[in-house]
Amino acid sequence: MRAGQPAVSGQKWGQIRRNWGLYVLLLPAVVLSLLFAYKPMYGVLIAFKDYSPALGIGGSPWAGFKYFDKFFHSYQFSTTIKNTLIISVYSLVTFPIPILLALMVNQMRGNRFKRFFQTVSYMPHFISTVVMVGLMLILLSPSSGLLGSVYRLFGAEAPDLMGSAGWFSSLYVWSDVWQHVGWDSIIYIAALSAVDPSLYEAATVDGASRWHKVRYIDIPMLMPTAITLLILRVGGLLGVGFEKVYLMQNDLNITSSEILSTYVYKIGLLSSQYSFSSAINLFNTVINFILLILVNQISKKFSENSLW
Amino acid sequence: MEVLLYIFAVLFLIILIYPLYFIIIASFSDPSSVANGKVWFYPKGFTLDGYTELLKHKNIWVGYRNTILYTIVGTAIGLAVNIAAAYALSRKDLVGRKFLSLFFIFTMFFSGGLIPTFLTVRDFHLYDTFLVMVLPFSVIVYDIIVARTFFQTSIPGDLWEAAQIDGCGNLRYFFQVVLPLSKAIIAVLGLWIAVGYWNSYFNALIYLKNPDLYPLQLILRNILITNQMQSGMGTGEAAQIALRLASMMKYSVIIVATVPILCVYPFIQKYFNQGVMIGAVKE
């Protein structure tokens with residue numbers, strides 16, 4: 001930010017002084033970020049300390065990598081990592097579905113149907129996570145839910161999906177697809193609407209079929225957007241959200257539903273082991289960060305797309 | 001080919017709509033009919049007991065009031081903070097623009113994590129206060145990026161040059177020229193933020209202790225997921241009735257919590273598409 005030449009520097013100061021109003025506009029966001037995003041980053045230090053509230057972050061004695069060691073050797077280590085990875089890789093597999101939906105919407109001719117279709121497909125996105133999980137519990141209940149009724153129609157007994165460890169990841173991932181596929185497709189629909197119509201016209205003249213146009217115009221058009229989003233997704237591979245998993249968790253499915261973020265919450269806030277919890281959290285963040293950089297690097301090398 | 005496409009589309013719509021439709025008809029039906037699998041296409045044993053029972057539930061009202069307050073105040077703060085920052089960052093003549101952008105974007109990828117953030121909030125004496133629900137996490141970097149792109153592409157730079165010549169300062173220009181031209185982006189971000197507040201429960205779970213401050217979602221969680229309704233209701237016939245009412249309330253509570261947000265969104269949907277599109281444009 002500092003300019004080498006004093007003359008340029010003076011010019012910059014002049015510009016800053018002239019535009020002081022802009023810095024006033026930035027001030028609230030900067031202050032809030034400093035207080036609630038950057039200050040906690042300093043707090044990450046407690047992962048390396050035997051934190052005691054009485055002594056504070058600075059005063060607590062150093063513990064080195066004790067808590068990381070404790071985590072690596074705990075029986076929850078492999079379970080939480082495995083569960084986290086299974087859920088996130090599984091979600092990654094569903095990544096192309098919104099793209100398929102966008103390609104489909106783009107093929108629709110009737111404008112009214114198209115609009116109706118889109119309106120309805122976004123709707124579930126606005127349902128809160130609590131209601132979403134509540135819905136699943138109600139609909140999938142083997143005794144009083146829709147699932148139970150369907151099974152009884154065929155004279156069979158419904159399985160307790162929400163209370164089974166084997167079903168947890170599938171329920172998590174596919175309910176997410178159900179809820180967000182329409183919404184996630186908007187960005188691709190927007191990208192497709194930017195295609196120059198003359199491209200299609202030229203393709204028609206050359207005798208291209210509908211499928212050809214999708215294959216050679218639409219899909220390449222979507223690639224940059226898709227790759228950018230994919231990088232972000234892979235960068236968050238270990239960052240599976242706390243909210244929904246925590247709500248879906250119960251004693252029966254805990255063996256496959258305990259993930260890093262729920263474990264951090266339980267260790268930290270429910271049993272007040274602040275340093276241990278922060279160590280697990282930091283481990284998670286660092287891996288995410290490395291993954292993000294790695295994937296971005298790979299993408300830079302093999303395609304033109306990267307985040308920076 | 002064409003026919004296949006539409007068949008698939010209609011199937012897709014049914015999968016999306018039916019579960020929601022089922023909740024609606026179940027909320028008006030006799031719970032034993034629902035449990036026995038008699039409710040499929042329309043309500044059976046029509047009753048409003050679920051709703052009347054819900055109205056008697058004091059917690060719901062407290063939660064509703066709190067959520068409305070959090071949503072209004074939180075959205076106002078969020079809009080003010082993010083729109084202002086986004087506009088400043090959109091100006092090419094802002095010295096330190098690159099650094100400031102990075103300052104915000106870094107927080108998207110790296111954070112202190114749950115415990116350090118919790119300790120920070122507690123140190124500021126925000127734990128268990130109204131303010132913790134609307135202030136600390138109101139900077140939303142993604143929204144800043146979307147709004148910044150909007151300002152860059154929709155507010156012509158010449159306008160500022162002209163205003164400057166007329167002796168107009170940055171602040172007056174922002175409030176009197178930029179904001180009136182930016183209704184679309186204000187609508188989009190406003191709704192995004194409002195939906196976020198309406199639906200959020202994580203902050204309440206972590207930072208609130210006092211039930212009088214609980215937002216609707218936390219109360220919903222107690223009714224829908226942790227089944228706190230059913231515990232400690234005694235035995236025998238009274239318990240049976242309580243259980244019946246609780247199962248009825250599950251449907252009506254979903255409707256009552258979700259309908260307001262679903263009602264607003266079709267009106268503002270066209271702005272939504274615009275907003276996402278703006279967000280998709282790379283700088």
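User: Which domains is chain A divided into?
Analyst: First, a heads-up: this is a predicted model, where local features need pLDDT of at least 70, side-chain atom pairs count only at pLDDT 80 or more, and totals for chains, interfaces and linings use all residues. Residues are numbered from 1 along each chain as its sequence is written, chains are lettered from A and ligands numbered from 1 in the order in which they are written, and side-chain values use heavy atoms, leaving out hydrogens and water. Domain bounds come from an automatic or database domain assignment. For chain A, that gives domain 1 (12–39) and domain 2 (54–302).

User: How far apart do the C-alpha centres of those two domains of chain A lie?
Analyst: Here you take the C-alpha centre of domain 1 of chain A and that of domain 2 of chain A. The separation between them is 35 Å.

User: And chain B, how much area do its two domains bury between them?
Analyst: Chain B splits into domain 1 (1–47) and domain 2 (59–280), with C-alpha centres 32 Å apart. On the domain 1 side, Ile23(B), Ser27(B) and Pro31(B) lose the most area to domain 2, together 63% of what that side buries. Buried area is the accessible area (1.4 Å probe) that two parts lose on being put together, summed over both. For these two domains, 79% of it is on carbon and sulfur atoms, and the total is about 660 Å².

User: Which three residues of chain A supply the most area buried against chain B?
Analyst: Chains A and B bury about 8,200 Å² between them, 78% of it on carbon and sulfur atoms. The contact (heavy atoms within 4.5 Å) takes 91 residues from chain A and 90 residues from chain B. Three residues give 10% of chain A's share, more than any other three: Leu25(A), Phe36(A) and Phe126(A).

User: Is Asn284(A) buried or exposed?
Analyst: Asn284(A) sits in helix α16 (residues 274–302) of chain A; helices here are DSSP runs (H or I, at least four residues) and strands are too (E, at least two), numbered from the N terminus. Leaving aside residues up to four places away in sequence, Asn284(A) touches Leu238(A) and Leu260(A). Buried means under 20% relative accessible area, exposed over 50%, and partly exposed in between (1.4 Å probe, protein chains only). Because its relative accessibility is 8%, Asn284(A) counts as buried.

User: Why does Leu79(B) count as buried?
Analyst: Leu79(B) lies in helix α4 (residues 58–90) of chain B. Its partners, not counting residues up to four places away in sequence, are Ala84(B), Ile186(B), Leu189(B), Gly190(B) and Ile193(B). Leu79(B) counts as buried because its relative accessibility is 19%.

User: What is the relative accessible area of Asp50(A)?
Analyst: Look in the loop between α2 (20–43) and α3 (56–59) of chain A to find Asp50(A). Not counting residues up to four places away in sequence, Asp50(A) touches several residues, including Trp62(A), Lys66(A) and Ser275(A). Asp50(A) comes out as partly exposed, so the value to remember is 25%.

User: Which residues in the loop between α6 and α7 of chain B have a positive phi?
Analyst: One of them, at 68% relative accessible area, is exposed. That residue sits between α6 (114–123) and α7 (141–154) of chain B, and its phi is near 60°, a positive value in a residue other than glycine. The other is in the loop between α6 and α7 too, with phi again near 60°. In order, they are His125(B) and Asp128(B).

User: At what angle do helices α5(B) and α7(B) cross?
Analyst: Two packed helices are described by the angle between their axes and the distance between the axes. Axes are lines fitted to C-alpha atoms, for helices over the stretch in contact, and angles run from 0 to 180 degrees between N-to-C directions. The axes of α5 (residues 97–109) of chain B and α7(B) come within 9 Å, crossing at roughly 145°.

User: Which residues of α7(B) make that contact?
Analyst: The α5(B) side brings Arg97(B), Ser101(B), Phe104(B), Ile105(B), Thr107(B) and Met108(B). The α7(B) side brings Val141(B), Tyr142(B), Ile145(B), Arg148(B) and Gln152(B).

User: How much of residues 251–268 of chain B is helix?
Analyst: UniProt, in an unreviewed entry, lists these residues among the spans it calls "transmembrane region"; such annotations use the numbering given here, have shortened feature names and may be inferred rather than shown by experiment. The end C-alpha atoms of the span are 27 Å apart, strand makes up 0%, and helix makes up 100%.
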